[in-house]
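Have the model open in your viewer and work through the stops in order. Each stop says what to select and what is there.

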Amino acid sequence: MSNDRKIHRARRLLASARRLAVLTGAGISAESGVATFRQPGGLWEAAPADQIATAEGFTADPPGVWQWYHERRREMAAARPNAAHVALADLERRVTGRGGELTLITQNVDGLHAKAGSRNILHVHGCLADVRCTHCEFRQRVGMEPIEDLPTCPRCQAVLRPDVVWFGEPLPADAWRSAVQACEACDMFLTIGTSAIVYPAAGLIELAIDADAKTVEINVAPTPVSGLVDIALQGPAGEILPKLLQ
Ligand code: BV8
Ligand code: ZN
């Protein structure tokens, strides 16, 4: 079936969906100039994830890991939501306006969904606008503006870390529980701009399929779930999502 026919089908499904769950990954921010992880030239090429995005990597070299995150925070501070983020915020208003609900589950830590006006957002991998203490309960929203190279806790002087989920770390319990509930109850599920290989987030797609929801993927390339979803739309999210709302 041609992409246009698929878009037409997905648009019709969206028009009648009442309980929507949406999972987004780095791809939805690509058109805002925020680097993705696993594409050629992506973030993981320069700095392998298992050295950078792990608690062990951070403990071994806090300044080095902070350096990498300062660079990403600078990129995110300059980034603006693109048409895909805006379309999702628009979709949330339409669905809630007709008495339905939309839960936006994001693996992204760039804060662009909130900037675009989305409200019901679950940051299952945390957010780079937040830091937390490596020793006590202190945490703070510092935004994306530059902070000290090696920030320390005002309470206990221990080094602060980005409040994001690293490999081998559990996801924030409340956000994860709400994400699972939303996917188990949804009648329609969209997976947008994610390579669908990082668990447990990628497992949400199978939850939605098992809940008999209508499932749609938007990605520029095939992923492990492209053959499992009802409709796999190939193309940039910034182009495809607005078409689904026309
Ligand atoms: C946990 C930190 C246990 C924040 C990240 C072996 C097998 C299976 C699993 C594992 C395994 N070994 C280890 C694991 C578990 C591991 C895992 O899944 N590893 C994978 C790599 C195999 N998971 C974990 O460790 C998780 N924790 O399991 O804890 C536990 C439980 C209880 C108690 C204690 C411990 C933690 C996972 C979170 C790790 N943190 N990031 C940050 O720095 O950003 S992961 C990182 O990958 C980001 O968070 C990112 O969100 C996530 C997923 O990547 P994507 O968002 O999908 O981005 P990617 O570049 O991969 O893909 C972009 C996509 O967009 C592509 O498909 C591309 O085609 C598309 N695209 C590009 N442009 C566009 C587009 N699409 C549309 N439009 C465009 N314009
Ligand atoms: Zn502290």
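By class, seven nonpolar, two polar and five charged residues make up the lining of the second largest pocket. Keep in mind throughout that this is a predicted model.

**Stop 1: the second largest pocket.** This pocket has a volume of about 280 Å³. To find its centre, select Gly126, Arg139, Asp163, Val165 and Pro172, which are the closest to it among the 14 lining residues. Next, select strand 4 (126-133) and strand 6 (160-164); each supplies at least two residues of the lining. Strand 4 gives the largest share, four residues.

**Stop 2: the largest pocket.** Here the space comes to about 800 Å³. Select Ala26, Phe37, Arg38, Thr194 and Ser195, which lie nearest the centre of this pocket out of 43 lining residues. Then colour helix 2 (27-30), helix 6 (62-78) and strand 8 (214-219), since each of these contributes at least two residues to the lining. Colouring by class should show 25 nonpolar, 14 polar and four charged residues around the largest pocket.

**Stop 3: the cavity.** How many cavities of 30 Å³ or more does the structure hold? There is one, and its space is about 80 Å³. Select Ala26, Val34, Ala35, Phe37 and Arg72: of the 13 lining residues, these lie nearest the centre of the cavity. Ala26 and Phe37 were also selected at the largest pocket. Helix 6 supplies the largest share of the cavity lining, three residues. The classes in this lining are seven nonpolar, three polar and three charged.

Terms used
Residues numbered from 1 in each chain as written. Chains lettered and ligands numbered in written order. Predicted model: local features only at pLDDT ≥ 70, side-chain atom pairs only at ≥ 80, totals over all residues. Heavy atoms only, no water. 1 Å grid on protein atoms, 1.4 Å probe; cavity = no way out; pocket = protein on both sides within 12 Å on 5 of 7 lines; lining within 4 Å. Points joined across faces, edges and corners; volume = space filled by probe spheres on them. Nonpolar A, V, L, I, M, F, W, Y, C, P; charged D, E, K, R; others polar.
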